Structure formats: structure tokens, C-alpha cells
Amino acid sequence: MKLFNIVATTTIGLESCVKIELKNLGIENVRVENGYLEYEGTAETVIKSNIYLRCADRVYVKMGEFKAFTFDELFEGTKAIMWEELLPVTANFPISWVSSVKSKLLSKSDCQRIVKKAIVERLRNVYKVDEIPETHSKYAIKVQLEKDLATILIDTSGEALHKRGYRKKHLEAPLKETLAAGMIMLSSWRGDRFNFIDPMCGTGTIPIEAAMIAKNIAPGANRKFISEEWCSLKKELWLKVRDEAFSGEKESIIIKIFGSDSDKKAIEIAKENAIEAGVEECIIFEVKNFTELEKSDERNVIVTNPPYGERLMQDVEVEALYYQLGKCLKANHPESSWHIITSYEAFESAFSKKAEKNRKLYNGGLRCYLYHYQNSKKKL
Ligand SMILES: C[S@@+](CC[C@H](N)C(=O)[O-])C[C@H]1O[C@@H](n2cnc3c(N)ncnc32)[C@H](O)[C@@H]1O
């Protein structure tokens with residue numbers, strides 16, 4: 001059985017979440033670097049990675065890695081890769097993405113041209129043809145140069161994995177689905193105990209991702225991937241993995257998930273998104289200010305993404321809102337754990353409580369911190 005070197009990329013800060021997800025899929029021996037997880041697997045592993053990973057951005061097949069100080073070395077190194085193992089004679093293979101960091105080869109357009117030329121030459125020799133027609137399935141190639149080490153990857157996902165397919169509409173500043181899933185994983189909530197609350201849910205990303213976790217809905221089961229057209233990843237295998245994913249879904253859940261927001265329009269969209277995601281019966285959405293949250297002495301899990309101030313509000317308003325949020329959670333949810341993401345540096349002082357720990361995460365390039373308050377010795 002052919003083994004692939006597989007690379008899953010993720011937002012910096014979520015590597016440990018993807019590693020746990022891989023472990024749950026039975027994948028061990030994962031090499032982890034900043035935003036990058038590499039492991040070996042079969043065609044089925046490639047498919048499962050796309051369908052099941054909640055926190056990864058994309059899944060690639062790594063074709064090769066070699067030192068390239070000159071364009072000649074880039075050409076020869078690329079040509080030496082056994083492209084024919086994956087690319088048929090009709091493959092359409094754009095060099096979609098080139099990056100160069102601390103490397104001698106700086107010109108991205110030259111790297112693009114040389115890699116393309118090397119693959120064409122290899123395929124022409126192997127398939128003994130004069131021309132590569134590029135009429136069939138797409139194999140989008142990514143070239144990364146870092147400290148003169150060239151890594152050549154092929155994208156197996158196509159659209160990034162945060163595009164689950166349920167978000168038909170959105171408002172300003174929605175959270176990426178992959179980041180929302182990561183925040184939930186980092187809160188230690190697993191969907192089988194403790195009610196879940198997002199009191200500023202906007203268009204519902206966090207409650208919807210929570211419901212998908214609770215119902216064991218595989219995030220990629222209902223979308224398409226670029227590699228579904230590849231001859232090396234058989235259609236029957238995609239069908240089998242999807243069938244397994246669908247049969248693993250739970251009919252109903254025992255805990256409650258609440259999403260509320262002061263913006264009526266946001267809640268309307270959240271409800272529509274939840275229907276698209278197939279989790280509308282699991283979430284109670286309400287239009288309300290977080291100051292109206294009901295008091296509870298139970299242990300709930302609160303995960304939320306309040307306004308940051310970057311685009312949405314002035315600093316004084318953000319400070320006032322964080323102060324109110326702190327006051328409200330301390331008074332009404334003293335036993336719950338709270339997990340709050342923001343890019344606002346002075347969050348803890350505005351909120352008037354120091355977090356037990358925090359984690360740096362990036363929301364679309366914006367550096368944020370996820371602040372954790374466990375508030376109780378009771379384990380989640
Ligand atoms: C950054 S957005 C949340 C985006 C959301 N995570 C999503 O994916 O769509 C912050 C949200 O806080 C809501 N909000 C601001 N002040 C609020 C308040 N006092 N009570 C409830 N919601 C509030 C806003 O309406 C906005 O939807």
C-alpha cells in the first residue's frame with residue numbers, strides 16, 4: 001500500500017489540538033513545528049485528515065524536500081521527485097503558491113517557472129510524450145523555501161478546511177470555524193458533560209462548532225475536496241470514509257448549548273447557519289445582552305469572542321464592555337469556566353481578573369490571546 005508523507009497546517013497555537021485529533025484518528029508519530037504537522041499515512045489517511053480534522057487549515061501531500069541554493073538545484077531536485085506516482089499524464093498542475101524565507105532564491109516568479117519546467121520535463125520523459133495537455137484533475141503545487149530548504153507540497157483540500165459549507169451568510173468579524181473549534185478543544189469541553197454558553201455568539205460559529213463536536217459531526221463530511229478528482233484517491237474510498245463519518249453521528253445530545261447576542265440580525269443568521277450545519281435542534285439561540293444572562297450555580301462552560309475594538313469599537317467602549325462582562329460572569333456564573341478570546345492587550349485589567357493561563361492564537365493574522373478561567377477544582 002502506498003504511503004504518503006502528509007502535512008496538515010494550522011493556525012499557530014492550535015498545533016496541540018490537531019495532534020490530539022490525529023491521535024483520535026489513530027495517527028501517531030507526528031512531527032510538529034510552528035503551524036505544521038507532518039505524518040505518514042495511506043490514501044485513506046489523506047481522506048480522513050480532510051474529513052475529520054476540525055482545527056487544521058489544509059492537508060497536503062509532501063512530495064519532496066531538498067536543499068536548493070541555486071535555480072539549477074531547484075530544477076534538478078524537483079525533477080528527481082517521482083511525480084508520476086501521483087500525477088497522470090493529463091494532470092493540470094499550477095504552481096499555486098511560492099514562499100521564500102531566509103533563502104538565496106528570492107524571485108517567486110522564477111521559482112514558479114523552474115518548478116513547472118522541471119515537472120513537465122519529468123512527466124514528458126516518463127510518459128514518453130511531447131506535450132503534457134493539462135486537461136484533467138487539478139494538483140495545486142506549493143513551493144516553500146526556508147533557509148534554502150525547498151519543500152514541495154500538493155494541496156489535497158482545495159478550499160481551506162474552515163469552509164465547512166454551513167456559513168451561507170456572515171456579518172463583520174466572524175471567527176474562523178477552525179479557530180472556534182480549537183478554542184472549544186482548549187476549553188477541555190468535550191460535548192458530553194456541562195452545558196455550553198456563548199453570550200456574544202454573533203453569527204453562531206462557536207455554538208455551531210460546539211454542537212458539531214457534541215453530535216460527532218465530521219466537519220468535512222458535507223463538502224468537496226480538490227483531491228476527490230485524483231485517480232490515486234479512489235472514489236470508493238471517499239465514499240467509505242464519508243459513510244463511516246455519517247454513521248458515527250449522534251442522533252441527539254444530552255447537554256444544552258446556548259448562543260445569544262444583542263444583535264437581532266446576527267441571531268437570525270446564526271439560526272440559518274445552524275440549520276445548514278444540521279444542528280439547529282441542539283442550540284437555543286436568543287437575542288439578549290450578556291448582562292441579562294440567567295444566574296447559574298452549576299458548572300457550565302462559557303467560550304466567547306467579544307468585540308476587540310480593532311474594527312468594531314473604540315478602546316473606552318471595549319474597556320467598559322470587558323468590565324461589565326467580568327462583573328456579570330463573576331456574579332452570575334461563579335462556578336462556570338470562562339474562555340475568552342481577544343486581541344485587546346489590557347483585557348485582564350479591564351475584566352478585573354487575572355486569567356489562570358492564556359494562549360496566543362491568531363485570528364486571521366491578528367494576534368489574540370485566549371484567556372482561561374477555570375474557577376473551580378471540578379474537572380471538566
Ligand atoms: C466579534 S463578534 C462575535 C463573532 C462571532 N464569534 C461569529 O463568529 O460571528 C462580537 C459580538 O458581540 C456582540 N455584542 C457586543 N456587545 C454585546 C452585549 N453587551 N451583549 C451581547 N452581545 C454583544 C456583537 O453584536 C457581536 O456579534
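In this predicted model, Asn363 has Leu366 of strand β14 as its bridge partner. Asn363 is the last residue of strand β13, which covers residues 357-363, and Leu366 begins β14, which covers residues 366-373. The two strands run antiparallel and are joined by 7 bridges. Together they make a hairpin, with 2 residues between the strands. One residue of the turn, Gly364, has a positive phi of about 55 degrees.

From β14 the path leads to strand β12, residues 337-342. β12 and β14 are antiparallel, with 5 bridges between them. Within this pairing, Trp338 is matched with Tyr373 of β14. β12 also pairs with strand β11, residues 301-304, but here the strands run parallel and the bridges number 4. Trp338 appears again in this second pairing, as the bridge partner of Ile302.

How many of the residues of β12 are buried? The count is 6 of 6. In a regular strand, side chains alternate between the two faces of the sheet. In β12 both faces are covered. Ser337, His339 and Ile341 are buried on one side, and Trp338, Ile340 and Thr342 are buried on the other.

Helix α5, residues 177-186, is likewise mostly covered, with 10 of its 10 residues buried. The buried residues of α5 include Glu177, Thr178 and Gly182 as well as Leu179, Met183 and Ile184. After the helix comes Ser188, which has a positive phi near 75 degrees.

Met183 and Ile184 also belong to the largest nonpolar core, a group of 107 residues. They are listed with Val18, Val61, Val115 and Ala211 as the residues with the most contacts inside that core. Where does this core lie with respect to the domains? Domain 1 (4-155) and domain 2 (177-216 + 252-373) both give residues to the core, so it lies between them. For Val115, the contacts beyond its neighbours within four places in sequence are Leu74, Thr78, Ile95, Ile141 and Val143.

The same division into domain 1 and domain 2 can be described by distance and contact. The centres of the two domains, taken over C-alpha atoms, are 36 Å apart. Their contact involves 9 residues from domain 1 and 10 residues from domain 2. On the side of domain 1 that touches domain 2, 5 residues are nonpolar, 2 are polar and 2 are charged.

Another residue to follow is Asn273, which is found in helix α8, residues 264-277. Is Asn273 buried or exposed? A residue counts as buried if 20 or more other C-beta atoms lie within 10 Å of its own. Asn273 has 25 other C-beta atoms within 10 Å, and is therefore buried. Leaving aside neighbours within four places in sequence, Asn273 is in contact with Tyr166, Arg167, Lys168, Thr203, Gly204 and Ile208. Asn273 and Trp338 are 65 residues apart along the chain, and their C-alpha atoms are separated by 24 Å.

Thr203, one of the contacts of Asn273, leads on to the ligand. The ligand is surrounded by 20 residues, and Thr203 is among the closest, together with Met200, Gly202, Thr205 and Asp263. Sorted by class, this shell consists of 12 nonpolar, 6 polar and 2 charged residues.

Technical notes. Residues are numbered from 1 along each chain as its sequence is written. This is a predicted model: local features need pLDDT of at least 70, side-chain atom pairs count only at pLDDT 80 or more; totals for chains, interfaces and linings use all residues. Two strands pair if DSSP finds at least two bridges between them. A nonpolar core is a set of buried Ala, Val, Leu, Ile, Met, Phe, Trp, Tyr and Cys residues joined through C-beta atoms within 7 Å. A residue is buried if 20 or more other C-beta atoms lie within 10 Å of its own, exposed if 12 or fewer, and partly exposed in between; C-beta atoms are placed from the backbone. Domain bounds come from an automatic or database domain assignment. Two residues are in contact if their C-beta atoms, placed from the backbone, lie within 7 Å. A residue is near a molecule or strand if its C-beta atom, placed from the backbone, lies within 6 Å of it. Ala, Val, Leu, Ile, Met, Phe, Trp, Tyr, Cys and Pro count as nonpolar, Asp, Glu, Lys and Arg as charged, and the others, Gly among them, as polar.
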